[in-house]
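This report describes the fold of one protein chain for a reader at the bench. Please keep the sequence and the model at hand while reading.

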Amino acid sequence: MIDEGVVKYSCEWVLGEKVDLESLQSLIQWRNYIHQLGLIGVYDNGIGFGNISIRISGTLQFIISGSQTGHLAQLEAEHFTVVTDFNIEQNHLTCCGPIQASSESLTHAAIYSVQPHINAIIHVHHPQLWRSLLYQIPTTRQQVKYGTPAMAAEMFRLFEEENLSQQKILVMAGHEDGLLTFGKDLNEAGEILMQYYKFSLGSSILKTSDED
């Protein structure tokens with residue numbers, strides 16, 4: 001069962017001011033565009049999916065879209081929060097802002113902590129793309145569920161055992177439809193996602209044409 005959007009970690013949420021809008025411009029633009037494509041959104045059962053984050057330069061802190069925002073077509077500054085501290089082993093994080101951090105925040109934290117040159121992460125859902133890339137690119141183990149320390153540990157494993165640093169995209173086998181891209185900035189993370197997404201669309205059109 002898809003249970004994206006359910007916060008599984010222990011979260012200390014400190015209600016705080018909105019993140020400075022100027023620092024969010026690119027983040028908001030990319031998030032809203034990805035939502036328009038249906039890669040971030042909400043399922044028929046009301047459960048939201050997908051999130052996006054950027055590192056605060058020179059730190060392990062990062063700005064991430066808030067929990068339960070997948071149904072919103074347009075996000076504003078009040079829909080983002082800052083993860084100020086985290087402990088992967090204890091499945092705990094602290095965030096400060098007008099909204100609680102997304103349910104995938106610890107996975108983002110793991111990637112930022114192990115790869116200092118990564119400054120942006122995008123998590124989306126796309127059934128066809130997920131099926132076509134499953135086990136063809138770096139893929140988390142099927143038994144590992146999202147929003148857990150085990151998923152964070154999987155990030156470490158994939159960087160160590162597979163060419164995740166080069167491909168900058170992974171599939172979550174135990175998190176149906178879930179994919180994740182990252183890069184040195186949002187443009188790189190977004191462009192990698194778009195390359196695979198457009199290829200998937202082209203393959204779908206070609207398949208339909210062949211069947212006709």
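Which residue takes a positive phi in the hairpin of E4 and E5? Gly 58 does, with a value near 80°, and the hairpin has six residues between the strands.

## Basis of the model

The model is predicted: local features need pLDDT of at least 70 and side-chain atom pairs count only at pLDDT 80 or more, while totals for chains, interfaces and linings use all residues. Residues are numbered from 1 along each chain as its sequence is written, and side-chain values use heavy atoms, with hydrogens and water left out.

## Overall form

The chain has six helices and 11 strands; helices (H or I, at least four residues) and strands (E, at least two) are DSSP runs, numbered from the N terminus. The C-alpha trace spans about 55 × 35 × 30 Å along its principal axes. The radius of gyration, taken over C-alpha atoms, is 16 Å, which agrees with the value near 17 Å for a compact globule of 212 residues. That globule rule is 2.2 Å times the number of residues to the power 0.38.

Of the 212 residues, 52% count as buried; buried means under 20% relative accessible area, exposed over 50%, and partly exposed in between (1.4 Å probe, protein chains only). Among contacts (heavy atoms within 4.5 Å) with a separation of 6 or more, 68% join residues 24 or more positions apart.

## Annotated domain

UniProt lists residues 25-194 as "domain: Class II aldolase/adducin N-terminal", in an unreviewed entry. UniProt positions follow the numbering used here, feature names are shortened, and annotations may be inferred rather than shown by experiment. Over residues 25-194 the chain is 32% helix and 26% strand, and the end C-alpha atoms are 19 Å apart.

## Strands E4, E5 and E6

Strand E5 (residues 62-65) pairs with E4 and with E6, and two strands pair if DSSP finds at least two bridges between them. Strand E4 (residues 51-55) and E5 run in the antiparallel sense over three bridges, and Arg 55 has Phe 62 of E5 as its bridge partner. E5 and E6 (residues 80-87) are also antiparallel, over four bridges; here Ile 64 is partnered by Thr 81 of E6.

From E5, Phe 62 and Ile 64 point one way, and Ile 63 and Ser 65 point the other way. All of these residues are buried.

## Helix H4

Helix H4 (residues 149-161) has 13 residues, and its end C-alpha atoms are 18 Å apart. This agrees with the expected span of 18 Å, taken as 1.5 Å times one less than the number of residues.

The buried residues of H4 are Met 151, Ala 152, Glu 154, Met 155, Arg 157, Leu 158 and Phe 159. Their cover includes helix H2 (105-114), strand E9 (139-140), helix H5 (164-167), strand E10 (169-172) and strand E11 (178-183).

## Aromatic pairs

Rings of Phe, Tyr and Trp (its six-membered ring) pair if their centres lie within 6.5 Å; planes under 30 degrees apart count as stacked, over 60 as edge-to-face and the rest as tilted. By this rule the count comes to four aromatic pairs. One of them joins Trp 30 and Tyr 33, an edge-to-face pair at 6.2 Å centre to centre with 70° between the planes. Both residues lie in helix H1 (residues 21-36), three residues apart, about one turn of the helix. Trp 30 is buried at 14% relative accessible area, whereas Tyr 33 is partly exposed at 34%.

The rings of Tyr 43 and Phe 49 have centres 4.6 Å apart and planes at 45°, so this pair is tilted. Tyr 43 is partly exposed, with a relative accessible area of 22%, and Phe 49 is buried, with 8%.
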